[in-house]
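Subject: Structure to look at

Hi,

Here is the structure I promised to pass on. Have a look at it first, and then read my notes below.

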Amino acid sequence: MNKINPKKLLNSKWTAVTPVDKEKHFIVTEVEFDEDDEVILCVLEAVFTKRANPIDWNDLKDDSRWAFGWK
């Protein structure tokens, strides 16, 4: 399980363990918090295609799907 500090999500780099459509490397480009400092929006952008997708930031904790950094 990847440990993630929500305050440090923005601009963090991630590698998909199983690439989809040849997209392997991603960067978090947007993070929004509510008034209780809970993450309400997290957007991952593919480095090469620039395709952006909102995801549940808790999915990044699953080390069978995501690796921290670019590998």
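Let's start with a small puzzle: which residue is the bridge partner of Val28 in β3? It is Leu44. Keep that pair in mind, as Val28 comes up again further down.

Before going on, please remember that this is a predicted model, and every value below is computed from it.

**The overall picture**

The chain has five strands and zero helices. Walking along from the N terminus, you simply meet β-β-β-β-β. The C-alpha atoms fill a box of roughly 35 × 25 × 15 Å along the principal axes. How does the radius of gyration fit with a compact globule? For 71 residues, such a globule would have a value near 11 Å, and the chain has 12 Å, which agrees.

Of the 71 residues, 31% count as buried. The exposed surface of the chain comes to about 4,900 Å², and carbon and sulfur atoms supply 53% of that. Then there are the contacts: if you take those with a separation of 6 or more, residues 24 or more positions apart account for 41% of them. As for charges, there are 11 positive and 14 negative ones, and their mean positions lie 11 Å apart.

**Following the strands**

Now trace the chain from strand to strand. β1 covers residues 13-20 and β2 covers residues 23-33, and the two pair in the antiparallel sense over four bridges. One spot to find on screen is Lys13, which stands opposite Ile27 in β2. These two strands form a hairpin with two residues between them. In that turn, Asp21 has a positive phi of about 55°.

Next comes β3, residues 39-46, which pairs with β2 in the antiparallel sense over seven bridges. Besides the Val28 and Leu44 pair from the opening puzzle, you can look for Glu32, whose bridge partner in β3 is Leu41. β2 and β3 form a hairpin too, with five residues between them.

β3 also pairs with β4, residues 52-55, again antiparallel and over four bridges. Here Val43 has Pro54 in β4 as its bridge partner. This hairpin has five residues between its strands.

So β3 pairs with β2 and with β4. Is β3 enclosed or open? Six of its eight residues are buried, so β3 is largely enclosed by the rest of the structure.

**Two turn residues with a positive phi**

Most residues other than glycine have a negative phi. That is the background for two residues you may want to click on.

- Asp37 is not a glycine, yet has a positive phi of about 60°. Asp37 sits in the loop between β2 and β3, and with a relative accessible area of 47% it is partly exposed.
- Lys50 is not a glycine either, and has a positive phi of about 65°. You'll find Lys50 in the loop between β3 and β4. Its relative accessible area is 54%, so Lys50 counts as exposed.

**Two residues to zoom in on**

Try Leu9 for a start. Leu9 lies in the segment before β1. Is Leu9 buried or exposed? With a relative accessible area of 1%, Leu9 is buried. Which residues does Leu9 contact, leaving aside neighbours within four places in sequence? They are Ile4, Val28, Val31, Val39, Cys42, Trp57 and Leu60. Val28 is back here: Leu9 and Val28 are 19 residues apart in sequence, but their C-alpha atoms are 6.6 Å apart in space.

Then go to Lys24, in strand β2. Lys24 has 34% relative accessibility and counts as partly exposed. If you skip residues up to four places away in sequence, Lys24 touches Trp14, Thr15, Ala16, Pro19 and Lys71. Another pair to find is Lys24 and Phe48, which are 24 residues apart in sequence and 9.0 Å apart in space, C-alpha to C-alpha.

That's what I found. Happy browsing!

Cheers

Conventions. Residues are numbered from 1 along each chain as its sequence is written. This is a predicted model: local features need pLDDT of at least 70, side-chain atom pairs count only at pLDDT 80 or more; totals for chains, interfaces and linings use all residues. Side-chain values use heavy atoms; hydrogens and water are left out. The radius of gyration is taken over C-alpha atoms; the globule rule is 2.2 Å times the number of residues to the power 0.38. Buried means under 20% relative accessible area, exposed over 50%, partly exposed in between (1.4 Å probe, protein chains only). Contact means heavy atoms within 4.5 Å. Accessible areas come from the Shrake-Rupley method with a 1.4 Å probe; for residues, only the protein chains shown count as cover. Lys and Arg count as positive and Asp and Glu as negative; His and the chain ends are not counted. The place of a charge is taken as NZ of Lys, CZ of Arg, CG of Asp or CD of Glu. Two strands pair if DSSP finds at least two bridges between them.
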